[in-house]
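Student: I would like a close look at one part of this chain. Please take the stretch with the loop that joins two helices, and set it in the context of the whole chain.

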Amino acid sequence: TFRVRAANKDGVWSERPLELKIVIEPEFWQTRWFAFALTVLLIGALLLGLRLRTRALRRQSDQLRKKVAEQTVELKSALQKLEQASLTDPLTGLYNRRFLDQHIDRDLAISLRKHEQARTSANPIPSDGDIALFLIDIDHFKKVNDRYGHGAGDAVLIECAARLKATFRDSD
């Protein structure tokens, strides 16, 4: 409100001041509606950012899970290969002493159980109820290596292994 009192040239003041009401509208950024809209916009931007970040993290998590699963399969395969390599001779592919050490107790227990079942039931022992162990030695093998070289000795071992594999069952 603008108030004015004036005096005339004789110095007499007006009895009532003149009042002029002036309304100054706030700028748009100074209004409550703008503050409310800005708050809603900021909250929306934060929620959108949070949603986008969560989506990116889920995608990254899924990729990591997939990579872990793939590497787990690879590791299991490598472990199987490593275990197989530790149980067989690399040249001939025949089982080695470590294989025998790992399996003999179980195989003997199975054989004894089959014999006991046959004895208690008065049935004949099944054909797969016995265990036979072959220890094979190639006489004078060192002479083959010394005379013809290790390549020829390896060829002899491979041929012996092939004949053994042809003679015995896969499970032997």
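Tutor: What follows starts with the whole chain, then turns to the loop between helix 2 and helix 3 and its surroundings.

A caution comes before the details: this is a predicted model. Every value below is computed from it.

First, the frame. The chain has 4 helices and 2 strands. Read from the N terminus, the order is β-β-α-α-α-α. The radius of gyration is 48 Å, well over the 16 Å that the globule rule gives for 172 residues, so the chain is more spread out than a compact globule. The C-alpha trace tells you how that spread is laid out: about 150 × 60 × 20 Å along the principal axes.

Burial and contacts come next. Buried residues make up 7% of the 172 in the chain. Of the contacts with a separation of 6 or more, 24% are between residues 24 or more positions apart. The accessible surface comes to about 15700 Å², and carbon and sulfur atoms account for 59% of it. As for charge, there are 28 positive and 23 negative side chains. The centres of these two sets lie 11 Å apart.

Now the part you asked about. Helix 2 covers residues 97–121. Helix 3 covers residues 141–148. What ties the loop between them to helix 2? One link is a salt bridge between the side chains of K114 and D128, at 2.8 Å from N to O. K114 lies in helix 2 and D128 in the loop, so this pair ties together parts that are 14 residues apart in sequence. D128 itself is partly exposed, with a relative accessible area of 42%. Side chains of opposite charge can pair when their charged atoms come close.

Stay with helix 2 for a moment. R119 and E116 also form a salt bridge there, at 2.5 Å from N to O. Both residues are in helix 2, 3 residues apart, which is about one turn of the helix. R119 is exposed at 59% relative accessibility. E116 is partly exposed, at 38%. Set the two bridges side by side. The R119 and E116 pair stays within helix 2, whereas the K114 and D128 pair joins helix 2 to the loop.

Next, the backbone of the loop. Most residues other than glycine have a negative phi. Two loop residues are worth checking against that. A122 has a positive phi, near 60°, and is not a glycine. A122 sits in the loop between helix 2 and helix 3. H140 also has a positive phi, about 55°, and is not a glycine either. H140 belongs to that loop too. Are these residues buried or exposed? A122 is exposed because its relative accessible area is 68%, and exposed means over 50%. H140 counts as exposed as well, at 57%.

Move on past the loop. N145 is in helix 3. N145 is buried, with a relative accessible area of 16%, since buried means under 20%. What does N145 touch, leaving aside neighbours within four places in sequence? The contacts are H150 and G153. H150 lies in helix 4, which runs over residues 150–167. So the contact of N145 in helix 3 reaches a residue of helix 4, with contact meaning heavy atoms within 4.5 Å. H150 counts as exposed, at 58% relative accessibility.

Distance gives a sense of scale here. H150 and A118 are 32 residues apart in sequence, and their C-alpha atoms are 49 Å apart in space. Another pair brings in helix 1, which covers residues 32–87 and holds V73. V73 and I136 are 63 residues apart in sequence and 37 Å apart in space, C-alpha to C-alpha. V73 is exposed, with a relative accessible area of 58%.

Helix 1 also offers a salt bridge to set beside those of the loop region. The side chains of R65 and D62 meet at 3.0 Å, N to O. Both lie in helix 1, 3 residues apart, about one turn of the helix. R65 is exposed at 54%. D62 is partly exposed at 45%. The full count of salt bridges is 7.

To pull the loop together: D128 is bridged to K114 of helix 2, and A122 and H140 carry positive phi values.

Terms used:
Residues are numbered from 1 along each chain as its sequence is written. This is a predicted model: local features need pLDDT of at least 70, side-chain atom pairs count only at pLDDT 80 or more; totals for chains, interfaces and linings use all residues. Side-chain values use heavy atoms; hydrogens and water are left out. The radius of gyration is taken over C-alpha atoms; the globule rule is 2.2 Å times the number of residues to the power 0.38. Buried means under 20% relative accessible area, exposed over 50%, partly exposed in between (1.4 Å probe, protein chains only). Accessible areas come from the Shrake-Rupley method with a 1.4 Å probe; for residues, only the protein chains shown count as cover. Lys and Arg count as positive and Asp and Glu as negative; His and the chain ends are not counted. The place of a charge is taken as NZ of Lys, CZ of Arg, CG of Asp or CD of Glu. A salt bridge is a side-chain nitrogen of Lys or Arg within 4 Å of a carboxyl oxygen of Asp or Glu.
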